[in-house]
Amino acid sequence: MFKSVMAFVLSAMLIVPAFAQSSLTGEGAKFDNTEVPAAILERQRALDDGGSVAPAPIDNSAATIARQLSAGAQDEDVYRAIRYGTGDVYVSDKDPEARVLVQTGGMRWLEVREGPLLTYGGGLLLVILGLLLVFFMVRGRVRVEGGPAGVTVTRFTFIERFAHWLLAGSFLVLAVSGLFLLFGREFLIPTLGHELYATLAGACKWAHNNVSWAFMIALVMIFVLWVWNNIPSKRDIEWIKKGGGLFKKGVHVNAAKFNAGQKLIFWMTIVLGASVSASGLMLLFPFELPMFAGTFELINATGIPGLFGAELKTVLAPHEEMQYAQLWHSIVSFVMMAVIIAHIYIGSVGMEGAFAAMGSGQVDENWAREHHSVWAEKKIAKKRGAAAQPAE
C-alpha cells in the first residue's frame with residue numbers, strides 16, 4: 001500500500017510540472033520534462049560528493065519562480081536553498097527546520113540507524129560480555145592473597161561515593177532507557193504489542209530526558225574530585241606491562257590512589273561522557289544547538305580527510321544536524337557502555353574486596369597494600385600516627 005501511494009505521488013510530481021509548463025507558456029513541446037529527474041539526480045550526486053559552496057543571493061520573487069518553472073530552468077542555487085533551508089522559498093520564516101523542503105539525508109540516516117548501528121552496537125556489548133565471562137572462567141576472582149587483615153582504612157569519602165553512585169545510577173537508567181528506545185521498534189513491538197510498547201517508550205523517553213541532567217552534574221563532580229589523582233605517571237607504565245596483576249596470581253604492582261587501568265576508565269568516562277552530553281543537549285533542544293557543520297569544517301582544516309580523497313560536508317540542513325547528533329549519541333553511548341560493563345565486572349564479582357571501596361568506603365588494609373600500595377602506606381601511616389597522638 002505504501003509503495004503504491006509513493007508511486008502515485010511521484011507520478012503526479014512528474015506530470016504536474018509538464019502540465020504547468022504547457023499552461024504557462026503554451027509551448028510545452030519545446031521542453032522535454034523527462035530530462036528533469038536526471039538533472040536533479042546529477043546535481044544531487046555532485047552535492048553528496050563534496051559540493052558545499054555557499055549559495056549566492058537569489059531572487060525568489062513570484063515572477064522569477066514562475067519564469068523558472070515556465071522555462072524549465074534548473075537553477076542550482078534555488079535547489080540548494082530549498083535543500084539546505086538557506087533561502088526564502090519556505091514554509092516559515094521563524095523556524096529553520098520548517099524552511100527545508102527537501103531533506104535528502106533522512107533515508108541514509110534511517111538505513112544506518114536500523115542497520116549498522118543496531119548490528120555493531122549490539123554486537124559490541126555481546127562481545128564484551130562474552131570476553132568477561134571467558135576471563136572469569138579462566139582467571140577466576142582476584143583474591144586478597146594475604147587474607148583479610150581485619151582492619152580497614154578509608155578509601156573514599158561520602159562525597160566521592162555520592163558522586164560515583166549518582167553517575168553510575170544515572171548512566172544505568174540512561175543506558176537501559178536508550179537501548180529500549182533504540183531496539184524497541186525492531187525487536188520489542190512484535191513481543192509487547194504497540195500499546196504496551198508506546199506506554200513504556202513514553203516512560204523511557206521521560207526518564208532519559210530528565211535523568212540526563214543528573215548524569216551531567218555527576219560527570220562534573222567526579223572530574224573536579226579526581227582529576228588530580230588521575231594524571232598519568234611513570235608508575236603507570238609498569239602497571240600496564242604487568243597487566244595490573246590481573247592475569248597472573250601473585251603479581252602485584254605499585255599504584256597510588258588510582259592505577260593505570262582506573263585512570264584509563266576515568267579519562268574515557270570524562271571524554272565520552274562530555275561528548276555524549278553535547279550530542280544529548282542537541283537532542284534535548286532540537287535545531288537550537290547545531291554543532292556538526294562547524295566541527296566538520298575544523299576537521300577538514302586539519303587536512304586529514306583530504307588524505308583519503310574526501311572531505312566532510314560543511315553545509316548541513318537543520319535536520320541533518322539532528323540526524324548526525326542522534327547517530328553520534330548512540331555510537332558514543334555504545335562505546336561507553338562497553339567500558340562501564342568492564343568496570344562493573346572488576347568492581348564486583350571480578351575482584352574480592354573491590355566493592356567495599358564504593359559501598360562503605362572502607363577497604364581491608366591487606367587489599368589496599370596489594371592493589372594500591374603507594375597510597376595505602378601513606379594512608380595507614382597517617383591513620384596510625386593520628387591514633388598514636390595522646391588525647392588532650
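Tutor: Helices here are DSSP runs of H or I, at least four residues long, numbered from the N terminus. Keep in mind that this is a predicted model.

Student: Thanks! Where is phenylalanine 287 found, then?

Tutor: Phenylalanine 287 sits in the loop between helix 11 (260-284) and helix 12.

Student: Is phenylalanine 287 buried, exposed or partly exposed, and how do you know?

Tutor: Its relative accessible area is 27%. Buried means under 20% and exposed means over 50%, so phenylalanine 287 counts as partly exposed.

Student: What makes the phi of phenylalanine 287 worth a remark?

Tutor: Its phi is near 65°, a positive value in a residue other than glycine. Most residues other than glycine have a negative phi.

Student: On to helix 12. How is helix 12 placed relative to helix 14: parallel, antiparallel, perpendicular or oblique?

Tutor: Two packed helices are described by the angle between their axes and the distance between the axes. The axes of helix 12 (residues 292-301) and helix 14 cross at roughly 75° and come within 9 Å. Angles of 65 to 115 degrees count as roughly perpendicular, so helix 12 is roughly perpendicular to helix 14.

Student: Which residues make that contact?

Tutor: From helix 12 come Phe292, Ala293 and Phe296, and from helix 14 come Glu321, Tyr324, Ala325 and Trp328.

Student: Which residues make the nonpolar surface patch?

Tutor: Leu133, Val134, Phe136, Met137, Val138 and Val349 make a patch of about 620 Å². Helix 7 (residues 116-139) gives the largest share, five residues. Valine 349 lies in helix 14 (residues 318-350).

Student: Why does valine 349 count as it does on the accessibility scale?

Tutor: Its relative accessibility is 45%. The partly exposed class lies between the 20% and 50% limits, so valine 349 counts as partly exposed. That 45% also fits with the patch, because patch residues need over 30% relative accessible area.

Student: And what about glutamate 186: buried, exposed or partly exposed?

Tutor: Glutamate 186, in helix 8 (residues 158-192), has a relative accessible area of 45%, so this glutamate is partly exposed. Its C-alpha atom is 8.0 Å from that of glutamate 114, although the two are 72 residues apart along the chain.

Student: How much of the whole chain counts as buried?

Tutor: Of its 392 residues, 36% are in that class. The chain exposes about 23200 Å², with 68% of this supplied by carbon and sulfur atoms. There are 17 helices and two strands in the chain.

Note on methods. Residues numbered from 1 in each chain as written. Predicted model: local features only at pLDDT ≥ 70, side-chain atom pairs only at ≥ 80, totals over all residues. Heavy atoms only, no water. Patch = residues over 30% accessible without salt bridge, like charges linked within 9 Å, V, L, I, M, F, W, Y side chains within 5 Å. Areas by Shrake-Rupley, 256 points an atom, 1.4 Å probe, with all protein chains shown as cover. Salt bridge = Lys/Arg side-chain N within 4 Å of Asp/Glu carboxyl O. Buried < 20%, exposed > 50% of the residue type's maximum accessible area, 1.4 Å probe, protein only. Axes fitted to C-alpha atoms, helices over the stretch in contact; angles between N-to-C directions. Parallel < 35°, antiparallel > 145°, perpendicular 65-115°, else oblique. Contact = heavy atoms within 4.5 Å.
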